[in-house]
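Trainee: I would like to go through this structure slowly, with each term explained as it comes up. Could we begin once it is in front of us?

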Amino acid sequence: MPSLFEISIRSLKGVGDTRAQLFHKLGVDSVGALLYYFPKSYEDWSKPLYIADIKGGEVCCVKGRLSATMRESRLSGNRYMVRAEVSDGYDAMRLVFFNNKYITRMLKYDTDYLFYGKATKDFSGVQMISPEFIPAECMKDSFHPVYALTAGLTNKVIQNAVKQAIEMLPERISDPLPAHIREKYKLMGLRDAIVNIHIPQSPQALNNARYRLMVEELLVLTLGIRALKQQNTEARGTNITKDFTEEFISLLPFKPTGAQRRAMEDCTRDMLTSKMPMNRLVQGDVGSGKTAIAACACYNMVKNGRQAAFMAPTEILAEQHYATLSKLFEGTDVKVGLLTGSLTASKKKQVRDSLSTGEIDIVVGTHALITEKTVFKALGLAITDEQHRFGVAQRSKLLSKGEAPHLLVMSATPIPRTLALIIYGDLDISVVDEIPPGRQTIDTLLIGSDKRQRAYGFIKKELQKGNRAYIVCPLVEEDDSELSAAEEYGAELMLEEFSDFAVGIIHGKMKYQEKEKTMLKFAQGEIQLLVATTVIEVGVDVPSATIMMIENAERFGLSQLHQLRGRVGRGQNKSYCILVSDSSSENTVKRLSVMTSTTDGFKIADEDLRLRGPGDFFGERQHGLPKLAISDFSDMETLTASQAIAEDVLSESPDLSSDVYKGLRAAIRRLFKDSQNKMN
Ligand code: ADP
Ligand code: MG
């Protein structure tokens, strides 16, 4: 079907420049892309309710005919209303339509209609406002697609465009999944799948279509990622021969938790015995003590005569790890170095020189580690911290600095197992599900903005005690408003409410160095109150920060809130997180109260996945993955099938060069087109 990807969306009736722009916002520029713009849900018109059975508040379908004369009336401001009454043969309900002059002509007496909309119920009976309707005898498709919209583009417009696009589909289209694969895995053909995902002929057909499209998408994703990381999987790892884990533990200033110990042992075992280089993810909540696990792996590697590289996404984090490791290995012969972009050129050169001679054993750094100039004498272990900040390709670049080095990735963002399988393939996972003892709990409160003043008072008390505080404003979508959100708010606080305190501002539009400088001032106490957008999210440790207030908390995902909250409660003192939200939506309140009831990151991630759906869970495309149209990672069946197919395909044609996989190759290119930057 590639040709339809070359036909502009403008070629459809009803889509001019303006709408084409709106479609572009949805990522749809071609007729082909539109066909791959799948509905997010469906209205089921197949099971009309009796009016007597309507409870009120539900979106439902009613079959009936007009049972009284329609009445039109003018409202103020040139507005217009039509009232009608409909009977299902037993009971009647009221319909109200606003500003639609055609209603009285469209709705005929003596005709049965299906009305679909939200029904409300009060003492005077059941009512629907501006329901959709069609004559019952015209009902062909009982499932009506509902698309994700953007302002200015209605569901009707998308439906119409999709209908035309479907008519443009040739009778025979080429299918990325060749016939023998479809047969073996009982998958619907592409044409049927596309038609049925938009206009389902039956619930069964819809299921089959969705299954087929999900499997295809996961397959394309899997094969694309495999191709990207192929280079590193062949060689055998440079294994260590002696276990120094106990010796390392004796260096720690604390007793490791059981979970830490298990993870350390997992890594050591991998490096000692495995036939392939270690490929392990350490997944543990903020504060679970992942740094010590990384340090243990480093120590084992170094004591066995090779080097380790520890890459962090920000300079401040790299500096923090550098300080931690330097202190930890103070009395030993292990040499730690720091390599970040902001070091002077001569300092950088000095560090690089000592890396190439092997004088430095462990180097902690940022992206500066993966530039060409960095050469190791014998890199045996590569570690990336806060893994979700790195793309697949950055990880491979770090690995290419050694000969099949072992790889350890660390993440505080819980990734569902199914997703991890796709991203990392045969990756092993150590879960650090224990928080070190003696940690202060964080009290989380949810308040409305009417209580903001009291919250300020509370923050001031904390500052007076010598503690530090964060106020977080949500990042707004439009270009410059992020700047204004944090800056304006910060400036106001500085001048008024918190004029007696040192207030700093940090936001995403600031230059990297400025951000780091501000963060450092905050860490050192020169700034007491930091007004920030989400740039503070990643692992910075400021133990005296005890309170965080998050404005418009409803705009954040739960996992993101959890990450944010993890910035406080890292020291000896009791800590607080205040969520400010005026949202009255039931779902939002439910979501936010998850935050007040638990601090378990895995529980929160699960809830997030459940309440928001997987589409939103990875809202920021945190994993460097392309945006998926239909799949979620919670369905084991599609996942298993796609992985099995991937194996089949690769064993038949390891580089997909076989002609039957031409369509699959094109699909991979399309899926990864948008994410090139992230992936490279
Ligand atoms: P994260 O998993 O978020 O990277 P860190 O490694 O930064 O966590 O650890 C957070 C804090 O907890 C650090 O100050 C560290 O020294 C401390 N810590 C780690 N493990 C333990 C432990 N077993 N007992 C006490 N404190 C610990
Ligand atoms: Mg960390």
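Mentor: A polar contact is a pair of N or O atoms within 3.5 Å, and within protein one must be able to donate a hydrogen and the other to accept it, while residues adjacent in sequence count only if both atoms are side-chain atoms. This is a predicted model, in which local features need pLDDT of at least 70, side-chain atom pairs count only at pLDDT 80 or more, and totals for chains, interfaces and linings use all residues. Residues are numbered from 1 along each chain as written, and side-chain values use heavy atoms, without hydrogens and water.

Trainee: How far is an oxygen atom of ligand 1 from a polar backbone atom of Gly287?

Mentor: Ligand 1 also meets a side chain, since a polar atom of Gln260 lies 2.9 Å from one of its nitrogen atoms. For the polar backbone atom of Gly287, the distance to an oxygen atom of ligand 1 is 2.6 Å.

Trainee: How are H9 and H10 oriented to each other, parallel or antiparallel?

Mentor: Helices are DSSP runs of H or I with at least four residues, numbered from the N terminus, and axes are lines fitted to C-alpha atoms over the stretch in contact, with angles from 0 to 180 degrees between N-to-C directions. Helix H9 (residues 258-273) and helix H10 (residues 290-303) pack at about 30 degrees, with axes 9 Å apart. Angles under 35 degrees count as roughly parallel, over 145 as roughly antiparallel, 65 to 115 as roughly perpendicular and the rest as oblique. Therefore H9 and H10 are roughly parallel.

Trainee: What is the angle between H18 and H19?

Mentor: Helix H18 covers residues 558-565 and helix H19 residues 586-597, and their axes are 10 Å apart. The angle at which H18 and H19 pack is about 30 degrees, which means that H18 is roughly parallel to H19.

Conventions: Chains lettered and ligands numbered in written order. Helix = DSSP H or I, 4+ residues; strand = E, 2+ residues; numbered from the N terminus.
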